[in-house]
Amino acid sequence: MSMPASLKGKLRIPVIASPLFIISNPDLVIEQCKAGVIGSFPALNARPGPVLEEWLQRITSELAAWDKAHPERPSAPFAVNQIVHKSNDRLQHDIDLCVKYKVPVVITSLGAQEELNKAIHSYGGIVLHDVINQKFARKAIEKGADGLILVASGAGGHAGVQSPFALVQETREWFDGPIALSGAIASGGAVLAAQALGADFGYIGSAFIATKEANASEAYKNAIVENAAEDIVYTNLFTGVHGNYLRPSIVNAGLDPENLPQSDPSKMNFGSGGNTKAKAWKDIWGSGQGIGAVKSVVTTAELVDRLAREYEAARRRIAA
């Protein structure tokens, strides 16, 4: 495995909680880190721009206090997701704050930028870039990313279409750095399976929606619990980029999940509903195919406890 040295020994289980648009907030991130997994949030969740500094101040101070009070089980590092796309006019402002607060891990999406990577490396931070294929993976590493988040078929939100088996195998043929695997991972056994394929981390998003700390409506949380893989719809209608969404939220918006039109990918808009009045993420709920493993709305600590138990049980089964 190729776990970065700065992360070794700091995680209870090899999991990165993915940054969830709107949903990830300081409450969720702090509890994820206290529980022993890398917590994360999109920088754009902190609105307006100055709120990002408030969030970073709170997260760093509360985790430092936790570590001082619990030296036997210190918190895991946290991560901030940056959207590296021309539509993000806050990017430089948000990068500067990540440097100021020495954010341990920065997750980049929708564009690889050499200058950003250098800025994060200036204080020893790590950059992980999410990709859906080899073309984007190679480009990210060429531009200085430290590791890759391979977004395979079945992942929540903006997902790829390749099998995790193919995506990890082909990446490992040329890249020996850190890899996180995303795609229907919602159990401890799935985390171990990701490692068996050659990844270092399981990248988990949808399961954290159904936690008490998540900034999601009760209806959304309950939908995660009540639905399964067959209830996920893959479409680019809502943002211009293909993604996975919960069927009931599409129906509630007055649309037919079986007859959705295509959106113009050149007009990406991550906060609108594309050709609809329903807003992506707020009205149209993102979700991965792994939600069948989510049986109830629980605290973040309880979810990580479950993942840890399942992970150890899977290891014992294999060793037996």
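This report describes a sheet, the helices that lie across it, a pair of packed helices and one buried serine in a predicted model.

**The sheet**

Eight strands form an open sheet, and reading across it gives the order β1-β8-β7-β6-β5-β4-β3-β2, with the strands paired in the parallel sense. The edges are held by β1 (15-17) and β2 (39-42), and because each of these has a single partner strand, one side of each is left without a neighbour in the sheet. Neighbouring strands of this sheet are, on average, turned by 25° against each other when direction is ignored.

At one of these edges, β1 pairs with strand β8 (residues 201-204) in the parallel sense, and the pairing runs over three bridges. Within this part of the sheet, Val15 stands opposite Gly202 in β8.

**Helices across the sheet**

Two helices that lie across strands of the model are set side by side below, each with its angle to one of those strands.

| Helix | Lies across | Angle |
|---|---|---|
| α1 (residues 26-35) | β1, β2 and β3 (78-83) | about 160° to β2 |
| α3 (residues 91-100) | β3 and β4 (105-109) | about 165° to β3 |

Strand β3 appears in both rows, since α1 lies across β3 together with β1 and β2, while α3 lies across β3 together with β4.

**A pair of packed helices**

Two packed helices are described by the angle between their axes and the distance between the axes. Helix α1 packs with helix α11 (residues 300-319) at an angle of about 35°, and their axes are 9 Å apart. The crossing in which α1 passes α11 is right-handed. On the side of α1 the contact is made by Leu28, Glu31, Gln32 and Ala35, and on the side of α11 by Thr300, Ala301 and Val304. Sorted by character, the residues of this contact of α1 with α11 divide into four nonpolar, two polar and one charged.

**A buried serine**

Where is Ser249 found, and is Ser249 buried or exposed? Ser249 is found in helix α10 (residues 247-252), and because its relative accessible area is 1%, which lies under the 20% cut-off, Ser249 counts as buried. Its side chain reaches the backbone oxygen of Leu246 at 2.8 Å. If neighbours within four places in sequence are left aside, Ser249 is in contact with Asp283, Ile284 and Trp285. Ser249 and Ala219, which are 30 residues apart in sequence, are 9.7 Å apart in space from C-alpha to C-alpha.

Terms used
Residues numbered from 1 in each chain as written. Predicted model: local features only at pLDDT ≥ 70, side-chain atom pairs only at ≥ 80, totals over all residues. Heavy atoms only, no water. Pairing = 2+ DSSP bridges. Helix = DSSP H or I, 4+ residues; strand = E, 2+ residues; numbered from the N terminus. Axes fitted to C-alpha atoms, helices over the stretch in contact; angles between N-to-C directions. Contact = heavy atoms within 4.5 Å. Left-handed = near helix turned anticlockwise from the far one by under 90°. Nonpolar A, V, L, I, M, F, W, Y, C, P; charged D, E, K, R; others polar. Buried < 20%, exposed > 50% of the residue type's maximum accessible area, 1.4 Å probe, protein only. Polar contact = N/O pair within 3.5 Å; in protein donor to acceptor, adjacent residues only side chain to side chain.
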